[in-house]
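Dear colleague,

Please find below the structure that I am handing over to you. My notes on what was found in it follow directly after it.

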Amino acid sequence: MLQLLLIIVAVVGLLVVMRREAGALPALAVLAATGIVGVLLGSPLLGVLLLIGAAAVAVCGLPALRRKWLTPRIFATFKKVAPKVSDTERTALEAGSVAWDGELFSGKPNWEALMAYGDDGLTDEERAFVDHQCSVASGMTNAWEITRERADLPPELWAYLKKEGFFGMIIPKQYGGLGFSAKAQSAVLQKLAVNETLMVTVGVPNSLGPGELLLKYGTQQQKDHYLPRLADGREIPCFGLTGPRAGSDATSIPDTGVVCKQIVDGEEVLGLRLNFEKRWITLAPIATVVGLAFRMFDPDGLLGGENDLGITCALIPRDTDGMEIGRRHHPIGSPFMNGPIVGKDVFVPLDTIIGGPEMAGQGWRMLVECLSVGRCITLPSGATGTSRYALGWSGGFARIRRQFNLPVAEMEGVQEPLARIAALSYISQAAVMETANMIDKGEKPAVPSAILKSQLTEFQRDLLSHAMDIHGGKAVTLGPRNYIGIGYSANPVAITVEGANIMTRNLMIFGQGAIRCHPYVLEELAAKDADDLKAFDKAFFGHAGLIFGNTARAFTQGLGLGKASPPFDEVAAPYAQEVARLSAGFGLCADAAMASLGSALKSREMVSARLGDVLSNLYLTSMVLKQWHASDKVESEAALLHYSCRLLLHRAEQALIELFDNLPNRGLGKLLSWLVMPLGRRWTTPHDDLTREIAQKVSRHSALRSKLLGNTWDQQEEGQQDNPLARYNALLVNYDRAEALYRTVNKAYAKGELPVEALHPEQRFEAAREAELISEEDARFMAEYEAEVLAMLTVDDFAFDAFAQQQEKVVWHNAA
């Protein structure tokens, strides 16, 4: 009995020390004390074993001892097995900042650090712009006209966008721009997502255009010339990075700029001879100025330095001799301006380099530092805006579409995808706005940008598929009345551009985060490069303490012991505790994967992807909890919080289970499974009761629906294009009255109180009026209501030869 008690005391004491990462001395004290007690109280064998353990901890854990014999041996081995980090990788790793993503990597997230990012909301000026200018711009779009008739935005919309400064959101007011916050940029793009061509047209100059590069790196002369012209639309920018052989691997661009001299206007000018072939460049067909990335060489030593200067960025006017620009690609589902740019022996002066000649070779650093922030805004905001509209349209359609004498929104087969759309929209809104808020507070979130880009565009793909299923024939029949089909067909663009999701998920999220966000890995690699034994000792054994800490935290919290105490209410706190538990498990698994696979982890993309999935879902859950904490709650929002968090935590656990099952070291996989999930998985998919409650609320005029559809174009003003969301909202306002009349009339028809031939709703309501079952006023109301319902259910039809681009090839079947 004494031996068992001593073992329990030693194990519990060590777990407490490990959880707190208290170091070797407390562990030594626990083992020594229990060992001495064992020897003194009649358990000498166990006591000696515990004392031997204490001695081992002292020799291996105390800095003064371990640095004499252990650290040099570990350091020598580490230098042999540590992955080599290339210069381009190091530049990417050092770009941006680490914030909440680092807390999740630590295994002991400090929720107060997340809460410290207070949100002041939009300024009055920003809110007015979103409410007015964005509504006007949205009201000028008609998807069918833009996609099928013009293959472009209408000229009056182009003029309005330029006049109101849409292209200068990121440009400071001193240069004529709007100087908007990241949150305001996101809000603008979410509202403009009613039309994907409009959203892309506005979003790209504010993220992938050269504006931000000029702001941070441009010479004063470049800023003074270009920024005012970009802000008011006199210049339309594009940025040429990708090409036929360089897409996701942007560092392998084959385009060249060779330093040379050329006679220009009778004078010898030092400059660059550019040869390039770019593809998939948004806004290229109409761009007036081209940002260009290329590999710069100086073979003749004209700059007095190296031959290979590296990737460089320059700004080139459209009318530069030798540049071919203006042709278009045809992006699937959306005619936003996109096309190739080709240049052969294009000569430009050195001062076209962004930042001037001294920034030669700094292009890769410029790109990863600036453009990664744009990845947090443009496509994630577009996906979030799409989710708002898809939810509004789908909820409205499901409520007014009746089958079997009831709205399809009452059918569980429709409620399931409808609730899923609502949850994905709720998660997306939280993630994009809370991350934008971090940017406004000075963060440059590199890893979260990859999470948001990949996860939210995948959400967009998922929820648009659900929306198509709910709409059925209404959505698969193209025409001016179809408000969702064109956007659905354009979704692969978001999946592919700005870092294809396959690459982002498999390589970037964990691959970059494992080094950039980990508390110790970057320090270990830096110590290796500097051959600094003392620095390595500190980092390595800090890392070892973290591993022990995460092991103890994951295991004890997995047993329900020592839960975190997050600063949330009773609704959100359990989910925050689970994020903390899984964060510890994730940190342990990340270290186990890196230790067991070493440099081979780079090629084990499926392992890396699953670790990235865990991190992504924990990050998204955290953003949902932060939004819940910071915002005013509405009726049934708690159900949506429960649904969203359970969905995300289920996904995180599933990724961990798949990781355990697929680690090459099967023993390690089983050990991790036992440590991280000692009681098995905790999270299943959301319960059906939540699904029913959410679907009911988002398909009716409710506070929850209104909150989720905030920041959309939801008004129908005179002179604007047709707004289906506004029409659905108006129908839902009157739905309860209409539903009561539906029940009255359908019940009368079933009893034979109305003519059997009254098959159409209009006929039944007229017959019910004549039979005095409903009032004259109710009959008029239902006539108008049913006319609007029918208009929203109707699809388009066209002349037989309407779709043929070459009329002479039309085959007229059954022609007389």
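Y389 and W393 are both buried, where buried means under 20% relative accessible area, exposed means over 50%, and partly exposed lies in between (1.4 Å probe, protein chains only). The two residues form a tilted aromatic pair, with 5.7 Å from centre to centre and 35 degrees between the planes. For this purpose, rings of Phe, Tyr and Trp (its six-membered ring) pair if their centres lie within 6.5 Å; planes under 30 degrees apart count as stacked, over 60 as edge-to-face and the rest as tilted. Y389 and W393 lie four residues apart in helix 16 (residues 363-400), so about one helical turn separates them. Helices (H or I, at least four residues) and strands (E, at least two) are DSSP runs, numbered from the N terminus.

A second tilted pair is formed by Y575 and W683, whose ring centres are 5.7 Å apart and whose planes meet at 40 degrees. This pair links distant parts of the chain: Y575 belongs to helix 24 (residues 573-597), W683 to the loop between helix 27 (666-676) and helix 28 (688-698), and their positions lie 108 residues apart in sequence. Y575 counts as buried because its relative accessibility is 4%; W683 is buried as well, with a relative accessible area of 14%. By the ring rule, the count comes to 23 aromatic pairs. Ring pairs also link F75, F78, F536, F540 and F541 into a cluster.

Please note that the model is predicted, that local features need pLDDT of at least 70 and side-chain atom pairs pLDDT 80 or more, and that totals for chains, interfaces and linings use all residues. Residues are numbered from 1 along each chain as its sequence is written, and side-chain values use heavy atoms, with hydrogens and water left out.

Overall architecture

The secondary structure of the protein comprises 33 helices and nine strands. The radius of gyration, taken over C-alpha atoms, is 31 Å, which agrees with the value near 28 Å for a compact globule of 816 residues; the globule rule is 2.2 Å times the number of residues to the power 0.38. Along the principal axes, the C-alpha trace spans about 100 × 90 × 55 Å. Of the 816 residues, 54% are buried.

Contact means heavy atoms within 4.5 Å. Among contacts between residues at least 6 apart in sequence, 75% join residues at least 24 apart. The accessible surface comes to about 34500 Å², with 55% belonging to carbon and sulfur atoms; accessible areas come from the Shrake-Rupley method with a 1.4 Å probe, and for residues only the protein chains shown count as cover.

The protein carries 79 positive and 93 negative side chains, and the centres of the two sets lie 7 Å apart. Lys and Arg count as positive and Asp and Glu as negative, while His and the chain ends are not counted; the place of a charge is NZ of Lys, CZ of Arg, CG of Asp or CD of Glu.

Individual sites

C645 is found in helix 26 (residues 637-662) and counts as buried, at 0% relative accessibility. Leaving out residues up to four places away in sequence, C645 touches Y575, T621, V624 and L625; Y575 is the residue whose ring pairs with that of W683. C645 and P686 are 41 residues apart in sequence, and their C-alpha atoms are 8.8 Å apart.

Y520 sits in the loop between helix 21 (501-516) and helix 22 (521-530) and is partly exposed, with a relative accessible area of 21%. Not counting neighbours within four places in sequence, Y520 is in contact with A539, G542, H543 and L546. The C-alpha atoms of Y520 and F536 are separated by 9.6 Å, with their positions 16 residues apart along the chain; F536 belongs to the phenylalanine cluster.

Backbone angles

Most residues other than glycine have a negative phi. N405 has a positive phi of about 65 degrees; N405 is found in the loop between strand 8 (402-403) and strand 9 (406-407) and is exposed, at 53% relative accessibility. S636 has a positive phi near 75 degrees, lies in the loop between helix 25 (605-630) and helix 26, and is buried, at 12% relative accessibility. Just after helix 20, E498 takes a positive phi of about 55 degrees. The buried residues of helix 20 (residues 485-496) include I486, V493 and I495.

Yours sincerely
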